[in-house]
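Work through the following exercises with the sequence and the coordinates open beside you. Each task is followed by a solution that proceeds step by step.

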Amino acid sequence: MTNETTTRPRTDSAARYSPREIETRWQARWEADGLYLTSDDDPRPKWYALTMLPYTSGDLHVGHWYAMAPSDAAARFKRMHGYNVLFPMGFDAFGLPAENAAIKNGRHPAEWTFANVERMRGQLKSMGAMFDWSREVVTASPDYYKWSQWWFLQLLKHDLAYKKRAAVWWCPKDQTVLANEQVLDGKCERCDTVVMKRDLEQWFFRITNYAEELLDFSKMQWSEQIASMQRNWIGKSVGAELRFGLDVQGVETKEIRVFTTRPDTVYGVTFFVVAPEHPLVEQITTPEQRDAVRAYVDAARRESEIDRMSTEREKTGVFTGAYVTNLFNGEQVPVWTADYVLSTYGTGAVMAVPAHDQRDFEFAKKFGLKIVPVFQHPDWDGGELTAALGHGGSMINSGPFDGTPDEQAIAAVVKYAEEQGYGRGTVNYRIRDWLISRQRMWGAPIPIIYCETHGAVPVPESDLPVLLPDDAEFRPTGESPLTYHEGFLRAKCPTCGEPGRRETDTLDTFMCSSWYQMRYIDPHNDERPFSRELAKKWLPVDQYTGGSEHAVMHLLYTRFFTKAARDMGIVAFDEPMLRLFNQGQILGPDGQRMSKSRGNVIAPDGEVEKWGADTFRAYLMFLGPWDGGGPYDASGISGVYRWLSRVWTVVTGEMRTGAHADTPETRELRRWTHKTITKVTDDLTEFRFNTMVAALMEFTNHLVRLRESGAEVDAGAWREAQESMALILAPSVPHIAEELWSRLGKPYSVHTQTWPSFDAELAADDAVEIAVQVNGKVRERLMLPVDAPEDVLRAQAMASASVAPYVEGKEIVRVIYVPNRLLNIVVR
RNA sequence: GCCGAAGUGGCGGAAUGGCAGACGCGACGGUCUCAAAAACCGUUGGGCCGCAAGGCUCAUGUGGGUUCGACUCCCACCUUCGGCACCA
């Protein structure tokens with residue numbers, strides 16, 4: 001087939017790179033052969049690579065390709081390193097868009113959802129990724145959500161799920177409650193509608209039980225960015241809970257507790273503030289103050305959350321007429337109610353220390369309340385304060401504590417408080433329990449039956465799944481059809497058999513995606529969510545990839561789920577995903593996040609049709625660092641296509657070869673081959689896909705130049721270059737790599753080959769260019785053999801006509817020599 | 001306000017403290033063509049000198065510092081992006 005000494009067939013159209021033909025052919029072959037099916041019995045070490053599953057929105061967009069193509073390359077790379085790689089794919093299929101589409105078209109959400117699954121699976125397949133489709137999971141299918149319901153029952157059994165009445169976020173447009181995590185800037189995460197508070201009885205998971213452990217990231221390699229976002233969200237504060245005496249006629253409660261991070265300022269308390277929603281407000285308010293307080297509380301209730309959250313606005317508040325006693329000094333201080341105190345944080349009440357807290361300071365100034373400094377701060381001259389004082393100095397006005405330095409103050413006061421029974425040291429977290437009820441139909445029904453006699457009774461595991469009705473009728477009430485579906489509602493109490501009523505709320509879709517990685521390992525098991533043996537073999541996930549927009553939602557929930565599963569004896573590890581890489585977000589051309597409502601979603605189909613999947617994959621990898629993201633712009637894609645065309649031409653074309661094992665051209669060729677293998681290996685290991693593509697381009701350019709120079713090289717070295725090219729292309733551009741491998745006469749498949757090793761000796765240069773600087777400025781570049789001794793280099797440098805003028809007549813102070821890089825002559 | 005990341009050509013971006021701008025897009029010039037597209041070849045940070053080969057010089061957000069040498073390390077500031085935010 002190869003003809004020793006012909007020149008290349010430049011414009012032979014039959015030999016041109018035609019991606020579409022190649023890609024459809026190989027995709028069919030791979031599927032027919034089951035090339036990407038992962039066996040549970042494979043003895044090789046396992047590697048579980050996972051990329052976040054897409055929501056069934058309708059079409060795959062550029063963002064999906066951007067997230068998945070590099071993940072696929074990384075998974076394939078692992079496979080070529082001898083790992084038994086599990087790289088599954090599925091669909092997050094419950095949620096509101098399906099329901100909204102159903103209301104609009106008058107069809108069942110399942111229709112819309114499963115049609116989207118079909119379409120998106122096809123689109124995903126066009127990517128040529130190594131997904132094992134035999135393990136696909138769809139969270140909205142009964143054989144999946146049966147197990148979501150099972151998880152709910154386990155959590156309930158272990159007191160990690162509970163129902164309570166609480167003020168919860170409500171989205172008036174979506175007509176459902178939301179978890180705290182799903183409220184962004186006071187708006188619904190899904191639809192951007194301003195949310196409101198409602199008092200409702202809802203199901204919660206006790207994620208707060210794990211607040212402290214969730215702060216520990218030491219058992220995995222996650223980015224500092226995500227860790228800090230989660231830490232922020234959990235919001236740990238160390239301080240103390242202090243009691244204040246309450247003595248109001250007709251009020252049973254004799255104390256109010258506050259959380260403070262500054263118990264050491266307790267002698268500076270000059271007033272006390274409770275949130276307008278605080279249950280005691282109504283009770284303690286004196287008759288004279290009643291009208292004013294009621295008006296204030298009502299106004300606060302009516303105000304939008306966005307207005308209330310603003311930090312800029314002036315402090316407001318009303319005196320309740322009541323007083324509390326500071327147990328430390330027996331002082332009575334007035335109790336105010338003000339909306340700068342949040343009912344959801346701490347105890348909903350604060351001890352106000354205007355001298356040492358800026359918010360209390362502003363409030364005191366506005367309402368003419370006393371300000372008593374309790375630290376002799378070094379910056380304070382004893383005059384009237386213009387702002388609250390920070391940490392520093394030692395205690396004053398603090399009875400027995402006067403003179404205690406700042407560093408010891410908190411510990412001393414807490415110790416005293418505990419001895420006297422005034423309070424105790426404690427830790428407070430900002431995170432709230434996870435609200436998982438949704439008043440929507442397209443979700444997994446919460447498996448509970450309400451009975452007149454027995455209350456909320458869990459559905460027995462043997463009765464799972466609680467199926468969604470397939471004849472849901474959508475009325476324009478905004479309410480879930482489950483609430484008026486007689487067939488669904490009617491149920492017998494599992495305890496007494498009397499007629500009961502089913503829970504009509506469904507599970508938050510984030511609960512369904514909190515454990516999907518566990519289902520992939522055993523997706524067809526109908527006895528258990530997954531077998532223990534397979535869990536032991538595959539879990540946890542070794543490498544997870546996905547967007548950082550899930551930092552305090554999915555990525556926090558799945559960690560909680562794993563810890564709960566561990567404590568319930570279901571799994572034996574602490575963290576769901578050992579390594580996490582967050583790719584950046586690909587934005588629309590307008591620089592905005594791609595979303596259907598903005599109309600800036602770009603479908604990749606056109607580009608894939610035009611250039612091929614390989615080109616598109618490589619282009620997305622080439623754009624820049626993967627964690628960078630940025631606006632999508634297709635203008636550079638032709639360059640990547642041109643590159644793959646050149647690869648095609650140079651690898652399939654003919655070359656003048658012979659036996660020339662030791663010519664400079666052959667040595668140079670080997671050097672390029674081994675250098676490129678080295679670089680591509682390193683870059684794939686570190687997820688530096690952009691520089692990997694650049695290195696492959698440079699290698700290609702060298703081969704093209706070499707071929708066009710007409711030089712003859714060693715046949716073995718050329719062969720090695722061709723085969724190496726196919727192998728190192730395989731993870732990123734799997735189709736062309738397979739085709740080239742096949743055309744080189746190698747056995748199917750390139751994707752089951754071992755990653756090529758590189759020879760450092762062959763990769764090493766035998767001559768290097770060394771920069772010669774005088775006082776840090778480059779004056780000359782010299783070619784020298786590798787590891788040339790300093791004196792040889794120095795002699796040549798001094799002799800150089802471009803160096804001499806800068807050195808002549810000057811005193812040489814110092815000479816710095818960095819082997820194989822540069823020589824810097826310092827003169828005076 | 002607090003936490004995190006980042007500022008490099010017209011654009012995307014590259015550079016273990018050691019030759020700034022790899023690789024690619026775009027632009028310009030050329031080959032092929034009746035012509036255009038495609039493809040291929042060449043040039044391409046700014047300024048200055050030179051017919052030319054080439055040389056000089058400025059340049060990595062701003063200002064300082066450390067160093068023989070700074071895109072890289074340190075300090076301050078500015079800007080952008082992401083997160084949290086009246087969290088006691």
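## Exercise 1: the RNA surface

Of the atoms of RNA strand B within 4 Å of the protein, 61% are sugar or phosphate atoms, and the rest belong to bases. The model is a predicted one, in which local features need pLDDT of at least 70 and side-chain atom pairs pLDDT 80 or more, whereas totals for chains, interfaces and linings use all residues. Residues are numbered from 1 along each chain as its sequence is written, chains are lettered from A and ligands numbered from 1 in the order in which they are written, and side-chain values use heavy atoms, with hydrogens and water left out.

Task: Describe the residues around RNA strand B and the polar side-chain atoms that approach this strand.

Solution. Begin with the set of residues near the strand, where near means that a heavy atom of the residue lies within 4 Å of the strand. There are 50 residues around RNA strand B, and Thr 261, Lys 315, Arg 359, Leu 623 and Arg 781 come nearest. Next, sort them by class: 21 are nonpolar, 13 polar and 16 charged, where Ala, Val, Leu, Ile, Met, Phe, Trp, Tyr, Cys and Pro count as nonpolar, Asp, Glu, Lys and Arg as charged, and the others, Gly among them, as polar. Helix H22 (residues 689-708) gives the largest share of this surface, six residues; helices (H or I, at least four residues) and strands (E, at least two) are DSSP runs numbered from the N terminus. Finally, take the individual atom pairs: a polar side-chain atom of Arg 642 lies 2.7 Å from a phosphate oxygen of RNA strand B, a polar side-chain atom of Glu 769 lies 2.8 Å from a base nitrogen, and an N or O atom in the side chain of Thr 260 is 2.9 Å from a sugar or linking oxygen.

## Exercise 2: a histidine

Task: Determine whether His 735 is buried or exposed, and what surrounds it.

Solution. Locate the residue first: His 735 belongs to helix H24 (residues 734-743). Its relative accessible area is 0%, so His 735 is buried, given that buried means under 20%, exposed over 50% and partly exposed in between (1.4 Å probe, protein chains only). Then list the contacts (heavy atoms within 4.5 Å): beyond residues up to four places away in sequence, His 735 touches Ile 22, Glu 23, Trp 26, Gln 27, Trp 30, Met 127, Gly 128, Ala 613 and Asp 614. With one of these, Gln 27, the side chain of His 735 makes a side-chain polar contact at 2.9 Å.

## Exercise 3: strand pairing

Task: Trace how strand S35 is joined to strands S32 and S34.

Solution. Two strands pair if DSSP finds at least two bridges between them. Strand S32 (residues 767-774) runs parallel to strand S35 (residues 822-827) and is joined to S35 by four bridges, with Ala 771 opposite Leu 822. Strand S34 (residues 812-818) runs antiparallel to S35, through six bridges, and here Tyr 817 stands opposite Leu 823. Between S34 and S35 the hairpin has three residues, and Asn 820 takes a positive phi near 65°.

## Exercise 4: an open sheet

Task: Give the strand order of the open sheet of four strands and find its edges.

Solution. The order is S6-S5-S9-S19, with antiparallel pairing. The edges are strand S6 (176-178) and strand S19 (434-435), each of which pairs on one side only. Two bridges join strand S9 (residues 196-205) to S19, and Phe 204 has Leu 435 as its bridge partner in S19.

How values were computed. A polar contact is a pair of N or O atoms within 3.5 Å; within protein, one must be able to donate a hydrogen and the other to accept it, and residues adjacent in sequence count only if both atoms are side-chain atoms.
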